[in-house]
Amino acid sequence: MSPIELLGVPAWTVSSHTLARKLLVDSRLVKNIDAWSLWQNGTVTREWPLIGMIDAGRSMFTADGPEHRRLRLKTNQALNKRRLDDIRPSIERYTAELLDALEEAGLGGEVVDLKAAFAYPLPMQVVSQMMGVDRADQPMLLSSYKAFFSVLTPHEDRLRILAELDEYYLDLVRKKTAEPTDDLTTGLILADDGGEPLTEEEVVGNLKALVAAGHETTVSLILCAVRALLSNPEQLADVLSGKVSWDAVIEETLRWDGPVNHLLMRFPTEDIELEDFTIPKGDGVVISYRAIGRDREIHGADADVFDATRETALRNISFGYGPHICPGAALARLEASIALPELFSRFPDLQLAIPVEEIHNLPVMTQNDLAGFPVRLCEGE
Ligand code: PLO
C-alpha cells in the first residue's frame, strides 16, 4: 500500500498480489464514485482529466453487491464457453482477412505496422459483432477511445467525446429496442428470465463498458505477446515447434506485460484495517496490475523476466479477481489464441523493423498501449 498522486489527486496503490486478492473480495471497497470523499467535498470535479475512468455511468463496472450481479448476469451468459464457440469462426475469419491484407501490404519486404493493420482492428471487429455495432461505426469508436485514453487530449475534447459516445450508444439501444436482433445489446434490453429488466441507462452503461473494455485491452495482449516472442527467439522457436503452448505464452504475457497497468478506483465505505496500515474510509484505492504481475513473492526473484514456461504464470490476476473479474477474459484469451498462432504460421520469419527498445507506449496512464509496431513479414535481403 503506497501513496500516489494521479494528476494532482492523492490515492493509494496496491502492488502486492496477496493484498490485492484480499481487497478485491472485500465488500467494504466499492466502485461507486459517490463513496469518494474528494468527490463528495468537491475537490475532484468533472474537470479532472481522469474522471472518465471512474464516473463512467451506471453499469456493472460501477455497481456492487446484488445490483452488480443483476447488471452482470446477461453479460456472463453471453460470454460463456458455449456462446464463445459460436463466435470462434468469426474471429478466425476476421483474422484471416486482416492477415491477407497485411500480406499484400508487406509483400515486397516493406515495413508494415502490425498494430494498425492487425492487432488494432481485430478486437473491435469481434466486439462489434457481439454487440451489434455497424462496421461503418468502428473507425469512429476506435478514434474516440484513442483520444479518451490519451493524457494529451485537451480535457474539454475528452468530455465532448464521452458525451458523443453516450449519445451514440443511446441511439444504438433505441434502434435495437425497436428492431431486436441476435446480439448482446438486444440481450441486455430484453428481460427474458423473469428478473427485473435493465433500464435504458443501465443498458447504455453496460454497452459502453463492454465496447471499451472489449477492444482496447486485447490489442495490447496481442502486441505484447508478439513483442515478447520476437525479443526472445529461443522461446519463439519452442512455441513454433510445439514444445511450449500458445496458452502458456498468453498467460505469461498477461503476467509480465499485461494490458492494464492500473485500475481506477475503489473506495472503502469504512476504515479498512490491514496488518500494518488502515485505509481510511472514502479514500481512493488503485489496483496496480502491472506491478502485481511482477510480485516476487509469487513469481520469484526472476519475476522481471519473460519466461513462457514459468509455472506461476497461471496465477496471474491480470483480469482482476473477485466479483468484478473481467467477464470477457475467456473471449480475450480466445482472440489471442487464434490471432497469435495464425500470425506466426503465416509469417514464421516475422521480425521487428526497429530495435525493441524503440517500441513506445502511448501517453496513457492506466493502460499498456503501444503506439505502433513496425515489422517485416519475411527475412530481408
Ligand atoms: C471507458 C469509458 C467508458 O465511457 C466507460 C468505461 C467503462 C469500462 C472501463 C472503460 C471505461 C475503461 C477501460 C476499462 C473498462 C473496464 C475494463 C477496462 C477500465 C472507463 C480495463 C480493465 O482496462
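In which sense do β1 and β2 pair, and over how many bridges? Select both strands: β1 and β2 are antiparallel to each other and are joined by five bridges. Strands, like helices, are DSSP runs numbered from the N terminus (E, at least two residues, for strands; H or I, at least four residues, for helices). Two strands count as paired if DSSP finds at least two bridges between them.

The model on display is predicted: local features require pLDDT of at least 70 and side-chain atom pairs count only at pLDDT 80 or more, whereas totals for chains, interfaces and linings use all residues. Residues are numbered from 1 along each chain as its sequence is written, and side-chain values use heavy atoms, with hydrogens and water left out.

**The hairpin and its sheet**

Within the hairpin, select glutamate 5; its bridge partner in β2 is proline 10. Next, select leucine 7, in the loop between β1 (2-6) and β2 (9-14). The hairpin has two residues between the strands. Leucine 7 is not a glycine, yet its phi is positive, at about 45°. With a relative accessible area of 41%, leucine 7 is partly exposed; the classes are buried under 20%, exposed over 50% and partly exposed in between, with a 1.4 Å probe and protein chains only.

Widen the selection to the open sheet, whose five strands run in the order β1-β2-β8-β5-β3 with mixed pairing. The edges are β1 and β3 (29-30); each has a single partner strand, so one side of each is left without a neighbour in the sheet. At the β3 edge, the pairing with β5 (residues 263-268) is antiparallel and comprises two bridges. Valine 30 has phenylalanine 267 as its bridge partner in β5.

**The ligand**

Now centre the view on the ligand, around which 15 residues are found, the closest being Gly52, Phe61, Val260, Leu263 and Gln367. A residue belongs to these surroundings if one of its heavy atoms lies within 4 Å of the ligand. Select glutamine 367: one of its polar side-chain atoms is 2.9 Å from a ligand oxygen atom. Taken alone, the ligand exposes 480 Å², of which the protein buries 89%; these accessible areas come from the Shrake-Rupley method with a 1.4 Å probe.

Which helices each supply at least two residues of the shell? They are α7 (138-149) and α10 (200-230), and α10 gives the largest share, five residues. By class, the shell comprises eleven nonpolar, three polar and one charged residues.

**Aspartate 183**

Move to the loop between α8 (155-178) and α9 (184-189), and select aspartate 183 there. Is this residue buried or exposed? At 10% relative accessibility, aspartate 183 counts as buried. Its side chain reaches the backbone nitrogen of threonine 186 at 2.9 Å, and a polar atom of that side chain lies 3.3 Å from the backbone nitrogen of threonine 185. Leaving aside residues up to four places away in sequence, aspartate 183 touches Gln129, Met130, Met131, Gly132 and Lys176, where contact means heavy atoms within 4.5 Å.

**Alanine 117**

Finally, select alanine 117 in helix α5 (residues 114-119). Alanine 117 counts as partly exposed because its relative accessibility is 28%. Residues up to four places away in sequence again excluded, alanine 117 touches Leu98 and Leu102. To end the tour, add alanine 35 to the selection: alanine 117 and alanine 35 are 82 residues apart in sequence and 42 Å apart in space, C-alpha to C-alpha.

How values were computed
Polar contact = N/O pair within 3.5 Å; in protein donor to acceptor, adjacent residues only side chain to side chain. Nonpolar A, V, L, I, M, F, W, Y, C, P; charged D, E, K, R; others polar.
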